[in-house]
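User: Could you take a close look at one helix for me, and tell me how it sits in its chain?

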Amino acid sequence: MAEPLKLLTRNVGKPNSTHIDTYMASGGYEPLMKALHKMTPEQVLNEVKAANLKGRGGAAFPAGLKWSFLPRKKEGEKKEPLKYLVCNADESEPGTFKDRLLIENDPHAILEGILIAGWATQAAGCFFYIRGEMPQGARIFQRAVDQAYAKGFLGKNILGSGFDFDVWVARGAGAYICGEETALMESLEGKRGQPRLKPPFPAGYGVYGVPSNINNVETYANVPLIIQNGAAWYTSIGTPSMPGPRLYGVSGHVKRPGIYELPGGVSLREILYEHAGGILGDRPLKAVIPGGSSTPVLRADQIDVAMDPDGLKTVGSMIGSAGVIVMNDTVCMVKALLNLLEFYARESCGQCTPCREGTHWLELILRRLEEGGGKEADVDLIVEVSENIMGRTICPLGDAAAMPAISFAKQFREEFLAHAKLGRCPMGHVPMTTVV
Amino acid sequence: MPLIRIDDKEIEAPLGETILRTALKHGIYIPYYCWHPALSIAGQCRMCLVEVQGAPKPLTACSTTVTALPPDKKIDGKYDMVVRTQSELVKRAQKGILEFLLLNHPLDCPICDQAGECQLQAYSYTFGHPASRMEFEKVHAPKRVDIGPHVVYDAERCIKCTRCIRFCEEITKTGELTLAERGVHTVVDTFPGRKLDNPYSVCTADICPVGALTSKEFRFKERVWFLTSANSVCPECARGCSVRMDAYKNEVLRLVPRENPQVNAFWMCDYGRLLSERLKERKPAARPLVRGKAGFSAFTTETFAPLLAEALAPFAGKASSAVVLVLSARMPLEEMAAALELKDRLFPEARLVVPAVEEGEDDALLIRKDRRPNLKGASLLGLKILPPGAPLAPLFAGKKAALVLREDLFALAAAGEREALKKALEGLECLVAGDYEVTPTGALSRFFLPLAGWHEMEGLTVNFQGVVQKTARVLVPPKHRRPFYDWVSRWLEAAGAEGPGPQFAPWFQRVKERIPALADKAVRDFLPAGIRIEEVTP
């Protein structure tokens, strides 16, 4: 069993861990000084590329590559083209709560990562967009920003390097979709939170139409580690498709739910049975959603996989946000999926047809099935409707709803059919009633 | 230029052009709802999904652009892009989207005013499922929402394509509309305290592909398949928007804009459109009138023309310096040519003027302050234009006879001038007036000619840009209400001079003789969008 790491979570649990003095006492902001004084932006970028830092928001897109999409000044040009960074702190995927831990316990690690990314991309500043339901996180992060300004880590001519950088904290209003990068930008600009049609991508047309780079909180928090210790050290942790440390948020039917910092690509079985203490009530495991509610569900016999993109691909799922949702044998899978689809139907922004209409229809079919009025044909209908949503929408919310629906109905087909055959939930569950 | 293949067709398409535009241009139909050629690309309806070789999932044709591949990477050695619009994947996608669109859409076409011109209906036949698999209560949403003075909104019928929203943002730049609520409860709404109230608001009903936005004036008046239509031109300002007039029985029920890139794009203003409502208020004259001691008596065409010719005979020839002809820029070129013919043949010394009428200011989109459709035509024919607001009474000073056509002079005159104008008209020995209805000017006349309305005759009209368009008649006027050129033919005949005849064609010939730029044109050349001619000053 791998010991939990203390890299991203190095300051978690320390007294007054959010204060800049605490952060600096253990070497904080040294990576920034190293980057500003000893490395060119290109060297920083190359180091991050070499470290193969994968995005921690869900898509696992290489961060260094993403940064390199931003325009840089050309030969003979005096000024850098205006561009922004965005930090996506809208953590809203059900089952995901890792960013909140970092924001509320170690904001300076995030801020330092943002600053180094700002140096590497020569951006003018960063919008820190934080979920509206995290007022405490917003306060803590704002205080961290204020402290950084006071120490000269933010503002004009940072640490005498000639580099100017600002950070603005913006609070969302609580829509799931505003975690999608372009919906976030629309919301940030004060508009209705709904995704933009792509292309153009944010690197060409981002916040206020300015080229922008957007990364997840945890992604930025990895950057100081890479700059401090080097890409070789970083890639020695984890697996090729998910190098470095990773925060796994485990929730549901385990004995010790919580955030575990472990190497990327650790086995799912190890997370569940060794770190999270096994299944609650020592009951049989029934199902696991490995990477936040949008990722396809796994059966109990599929948990011997590496928690990285390559590993989960072998069982038809994805790493997502590494929010592991565990369900033991007391869970009705129809009800669990109904719960998810209620969420997605409610959170669909409503602009494009398949997601707006399809998620609602799925919710209706699932509720009827759980309430006992369903038909056996409903199980195929769920899959077919989901396939009509999948890949047909403007943004990934459609896929996010369709993937669990398809996987639940396929992986637990017998249980779904049993609902129709029996005319009730075989587990005796009474469905939740929600106001439509 | 990249070479692409769409289905079986090889097309050289410019880099960056969208697949949808390219396909439509080359006769390949891809269904769409939210895309509109004059609006920004939203990509929301997902109806135009096509299969692009190499793409992991179907792409929206409206937003996917033609790209080029390096020479060694070409598909099949020569194509930069291969697009399929008829593959199984595409058909499945189209079916899926239509099914989604109809899930919560009321299937009550028989009571929907859009039926017959509804894109949901049209596509359902071509691309849809034969039956609905929706077995649940549909989502209910506000119906008959009074969204603006001329438009009603039905949120249940709405497919949230946002064309109306984009129209208000991008074309009128008034921005009254937005999407409100989320998910399946999403509706189009106005911002708080606002209404869909701009001079072009009914265009939103035109571009609404379904029955969500309907025109208050037209809705539930008539099923669209019973309408008689004619391609015409709006007569309400110098823009001369290309329109289609739709009529049922004896009423024009609506005007809708026709696409004309050089004149009005896809739009027209609400004022022009509401001509149909104003026509309903009017009381068109059905018979020619002659004033006797006991007031007007109605005549027939056959008995009227000789009386008219006889009464005006004393003012003909050398005596015609005592005659004034006041024409209107509401007259098409043929009527103006007829008035010129009348002047040349009978009243060579007469004065002939066309008053210009202005109101308000030109706006940024279509509306012109010149409130007449054919002032440009009048100047092409060399007619004397009376500047807007010029006093009218002096026109009649020292005159004995006057012919006033298609203008109510009292409506044009300033309030303070009306008394003097009345005196001037009453002082004439013979006032002949011609109009669609008996106006206050007509009421003072000795001879009143009922003139066919704009919607009741054919004619050419020249807008302020010099675009010559042809009107067509959507309704046939009653027997004794005729275009002015028809009356002139009869007048000339009754006066013993030969006229070209009462039909449009010979008068069109006269117009061509008078406007050299039109000399080699045929009637069909003016359809459907008109011809822009060089300005000619004879």
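Analyst: Happy to. In this predicted model, the buried residues of helix α12 of chain B pack against two elements of chain B, α11 (409-412) and β20 (430-435). The helix itself covers residues 418-426, and the buried positions in it are B:Leu421, B:Ala424 and B:Leu425. Looking down the axis of α12(B), you find these buried residues within an arc of 95 degrees, so they line one face of the helix. Turn to the face that points away from this buried side and you meet B:Glu419, B:Lys423 and B:Glu426, which are exposed. When you view α12(B) on your screen, then, B:Leu421 is a handy marker for the buried side, and B:Lys423 for the face turned away from it.

For some context on the rest of chain B, here is how it meets its partner. Chain B places 26 residues in contact with 22 residues of chain A. On the chain B side, the elements that give two or more residues are α2 (88-103) and β8 (177-180). Of these, α2(B) gives the most, with six residues. By character, the residues on that side of chain B divide into 13 nonpolar, eight polar and five charged.

Chain A offers a strand to set beside your helix. In β9 (residues 285-289) of chain A, five of its five residues are buried. Four bridges join β9(A) to β11 (residues 323-328) of chain A in an antiparallel arrangement, with A:Val288 opposite A:Val326. β9(A) also pairs with β10 (residues 298-299) of chain A, again antiparallel, over two bridges, and here A:Val288 stands opposite A:Leu298.

Technical notes
Residues are numbered from 1 along each chain as its sequence is written. Chains are lettered from A and ligands numbered from 1 in the order in which they are written. This is a predicted model: local features need pLDDT of at least 70, side-chain atom pairs count only at pLDDT 80 or more; totals for chains, interfaces and linings use all residues. Two residues are in contact if their C-beta atoms, placed from the backbone, lie within 7 Å. Ala, Val, Leu, Ile, Met, Phe, Trp, Tyr, Cys and Pro count as nonpolar, Asp, Glu, Lys and Arg as charged, and the others, Gly among them, as polar. A residue is buried if 20 or more other C-beta atoms lie within 10 Å of its own, exposed if 12 or fewer, and partly exposed in between; C-beta atoms are placed from the backbone. Two strands pair if DSSP finds at least two bridges between them. The arc is that of the directions from the helix axis to the C-beta atoms.
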